[in-house]
Amino acid sequence: MNLAYRDIRHGFGRFILTCIGLGLLLGVVLAMIGIYRGLVVDALTIARAPAVDLWIVEANTRGPFAEASRIPGDVREAVARIAGVESAGGITYQTVETEHMGAKLRLYVIGYEPTRPGGPPEILAGRGIARSHYEMVADQSTGLALGDRLRVGRNTFSVVGLTRHQVSSGGDPAVYITLADAQKLQFDLAPSAARIQQARGAVGGSRDTVNAVVARLQPNASPEAVAEAVRRWKHQTAITQEAQEQILIRSLVDRARRQIGLFTSLLLVVSAVIIALIIYTMTMEKTKQIATLKLIGAPDRTIIGMIVQQALALGLIGFSIGVTLIAGISDYFPRRVILEADNVLALGLVVVVVCLMASGLGVRAALRVDPATALGS
């Protein structure tokens with residue numbers, strides 16, 4: 001006879017409601033893990049998109065994502081001549097805000113040279129940029145469609161292609177335009193500011209300025225060896241792709257990781273306390289039944305098994321509800337939520353351990369029940 005099953009069936013409605021409540025709590029825990037994974041992937045997406053091996057940036061900076069970096073665009077020609085470099089291209093990054101269909105639209109604008117590294121990794125619909133000016137490839141999350149016209153800065157761009165999963169570390173959807181258009185957008189002064197500079201006699205600098213030069217190496221070339229060759233130059237430094245990703249993780253998502261980790265730990269503690277209190281309450285409500293079992297000679301392991309089985313059933317059913325819920329609504333979150341199998345499995349194991357530990361309070365209470373209680377009124 002399975003005592004845990006019979007006891008759950010006796011109060012089935014209340015047990016299911018309890019599982020649903022616990023499932024919502026565990027769903028939040030899983031969502032926080034998925035949000036953190038999404039933050040990491042989003043932070044690395046733009047850096048991985050060009051599929052390059054080396055980033056050349058301004059000296060004494062850590063690249064275009066962690067710090068401001070400006071270098072002359074013609075550095076790409078010098079980089080391209082280094083032994084082991086297959087191709088190199090200038091690239092710019094900037095955040096702009098515009099309007100589309102009467103609503104504010106915040107974009108992460110990437111400027112690149114269509115014949116060089118730095119463009120979108122894939123085109124889902126439409127085509128890549130074919131003209132030197134005023135064409136744009138946009139991420140699907142912008143809400144833009146093929147043929148849409150969007151004013152960015154003082155120019156209007158036509159959307160000729162769509163890509164996906166290209167967002168900045170802050171979650172802003174990316175759009176790709178030519179390097180010439182991006183330089184004009186980023187470095188050209190507004191007419192009023194240009195007139196003031198001209199009146200002051202200030203001489204404008206070269207417009208061929210980029211935030212970084214990216215380099216794709218030949219198959220047998222060593223990224224560190226090429227980077228060391230660049231570091232010998234006076235005004236530039238080189239960062240390998242691996243080092244760039246480490247900078248992004250430590251600089252942009254480290255605090256989020258710690259905060260989400262702390263919040264997730266607190267939620268697990270709360271879940272453990274809730275399970276412990278529920279099991280303890282369920283045990284105390286069965287004091288007379290447990291005393292009767294003891295009086296007729298039921299061994300302690302039978303009673304302990306009933307309580308532990310109830311705790312595991314509560315935790316695993318609640319966990320299943322939480323996983324199903326988050327898997328169903330993850331696509332509706334403002335930021336990407338990534339549920340990986342190893343994370344779900346690890347949380348499931350944690351829930352099992354928490355249930356076993358939480359059942360200890362009920363087991364302790366059950367073992368202290370006096371068999372003589374069954375003879376009372």
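Start with the whole chain selected: among contacts in the protein chain with a separation of 6 or more, 77% are between residues 24 or more positions apart, a contact being heavy atoms within 4.5 Å. What you have open is a predicted model, in which local features need pLDDT of at least 70 and side-chain atom pairs count only at pLDDT 80 or more, while totals for chains, interfaces and linings use all residues. Residues are numbered from 1 along each chain as its sequence is written, and side-chain values use heavy atoms, with hydrogens and water left out.

Now colour by secondary structure. You should find 11 helices and 12 strands in the protein chain; these are DSSP runs numbered from the N terminus, with helices being H or I of at least four residues and strands E of at least two. The radius of gyration is 30 Å, well over the 21 Å that the globule rule gives for 377 residues, so the protein chain is more spread out than a compact globule. That radius is taken over C-alpha atoms, and the rule is 2.2 Å times the number of residues to the power 0.38. Along the principal axes, the C-alpha atoms fill a box of roughly 100 × 50 × 40 Å.

Next, select residues 12-48 and 341-367. These are helices α2 and α11, packed at an angle of about 145° with their axes 11 Å apart. The axes are lines fitted to C-alpha atoms over the stretch in contact, and angles run from 0 to 180 degrees between N-to-C directions. Show side chains here: Leu-26, Val-29, Leu-30, Ile-33 and Arg-37 of α2 meet Asn-343, Val-344, Leu-347 and Val-351 of α11. By type, the residues of this contact are seven nonpolar, one polar and one charged; here Val, Leu and Ile are among those that count as nonpolar, Arg is one of the charged set, and Asn falls with the polar others.

Move on to Ile-123, in the loop between β4 (103-112) and β5 (125-126). Ile-123 is partly exposed at a relative accessible area of 33%, where buried means under 20%, exposed over 50% and partly exposed in between (1.4 Å probe, protein chains only). Leaving aside residues up to four places away in sequence, Ile-123 touches Gly-128, Val-137 and Leu-162. For a distance to draw, try Ile-247: its C-alpha atom is 28 Å from that of Ile-123, with the two positions 124 residues apart along the chain.

Last stop: Asn-155, in strand β8 (residues 155-163). Is Asn-155 buried or exposed? Asn-155 counts as buried, at 18% relative accessibility. Its contacts, again without residues up to four places away in sequence, are Tyr-134, Leu-150 and Lys-184.
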